[in-house]
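Trainee: Could you take me through one part of this protein in close detail, and then set that part within the chain as a whole?

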Amino acid sequence: YTDIRNAKTQIIMGGNPAEAHPVSMQHLLEGAELKKANVIVIDPRRTDIVRSPHIEAQHHLQLLPGTNVAIVNAMAHVIVTEGLENRAYIAERCDLAEFTRWQAFIKDPINSPEALESVTGVPASEVRAAARLYATGGNGAIYYGLGVTEHSQGSTMVMGIANLAMATGNLGREGVGVNPLR
């Protein structure tokens with residue numbers, strides 16, 4: 001729970017911690033209120049973490065159901081095409097051949113927020129802003145729920161989340177990571 005409170009940018013995806021994970025929700029709120037953490041919600045639903053008396057997300061990517069992989073790829077596209085990746089982390093901690101292969105795929109214009117806007121239902125400008133915030137907003141942590149893993153592309157999605165975290169260097173230290181809400 002200390003990690004939750006030390007995240008400067010929180011992505012909450014496919015989960016409603018207010019209803020399903022009240023202890024985690026309390027720590028997310030503390031991070032957002034006390035540490036002024038940035039909050040990005042990626043969910044078709046407008047949950048309490050989007051806006052309530054104690055918290056307001058900077059971005060709510062209200063994607064169409066089943067388009068999780070597309071939205072994460074669009075965010076990754078912004079990060080790698082705008083040079084927001086953490087090159088030192090990648091050089092030290094990633095398989096460079098695999099990263100280069102992934103980067104070439106992600107840079108393809110078919111993964112741009114503009115190309116995927118009609119698929120995801122999320123305005124490209126909002127995807128771009130959220131991706132930039134995650135990449136530059138300090139310790140970035142991704143929290144995901146069953147709305148991610150219960151889809152047919154759940155395993156692919158978790159790998160996409162991990163790729164996003166690795167590209168930005170948000171793994172392996174306090175206040176970051178890929179964190180399932182369980």
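Mentor: A residue is called buried here when its relative accessible area is under 20%. In this predicted model, buried residues make up 52% of the 182 residues in the protein chain. One of the residues that can be examined closely is T9, which lies in strand 1, residues 9-13. T9 counts as buried because its relative accessibility is 0%. The side chain of T9 is joined to that of N38 by a polar contact of 3.3 Å. Beyond its neighbours within four places in sequence, T9 also touches a set of residues that includes I40, L133 and Y134, together with G137, G138, N139, G140 and A141.

Of the partners of T9, L133 and Y134 are listed among its contacts, and helix 8 spans residues 124-136, which leads to the packing of that helix. The axes of helix 7 (residues 113-120) and helix 8 come within 8 Å and cross at roughly 115°, and the crossing is right-handed. Where the two helices meet, P113, E114 and E117 come from helix 7, while A124, V127 and R128 come from helix 8. By class, this contact has three nonpolar and three charged residues, with no polar ones.

As for the whole, the protein chain has 10 helices and seven strands. Its radius of gyration is 15 Å, close to the 16 Å that the globule rule gives for 182 residues, so the chain is as compact as a globular protein of that length. Among contacts between residues at least 6 apart in sequence, 71% join residues at least 24 apart.

Key
Residues are numbered from 1 along each chain as its sequence is written. This is a predicted model: local features need pLDDT of at least 70, side-chain atom pairs count only at pLDDT 80 or more; totals for chains, interfaces and linings use all residues. Side-chain values use heavy atoms; hydrogens and water are left out. Axes are lines fitted to C-alpha atoms, for helices over the stretch in contact, and angles run from 0 to 180 degrees between N-to-C directions. Helices (H or I, at least four residues) and strands (E, at least two) are DSSP runs, numbered from the N terminus. A crossing is left-handed if the near helix is turned anticlockwise from the far one by less than a right angle, and right-handed if clockwise. Contact means heavy atoms within 4.5 Å. Ala, Val, Leu, Ile, Met, Phe, Trp, Tyr, Cys and Pro count as nonpolar, Asp, Glu, Lys and Arg as charged, and the others, Gly among them, as polar. Buried means under 20% relative accessible area, exposed over 50%, partly exposed in between (1.4 Å probe, protein chains only). A polar contact is a pair of N or O atoms within 3.5 Å; within protein, one must be able to donate a hydrogen and the other to accept it, and residues adjacent in sequence count only if both atoms are side-chain atoms. The radius of gyration is taken over C-alpha atoms; the globule rule is 2.2 Å times the number of residues to the power 0.38.
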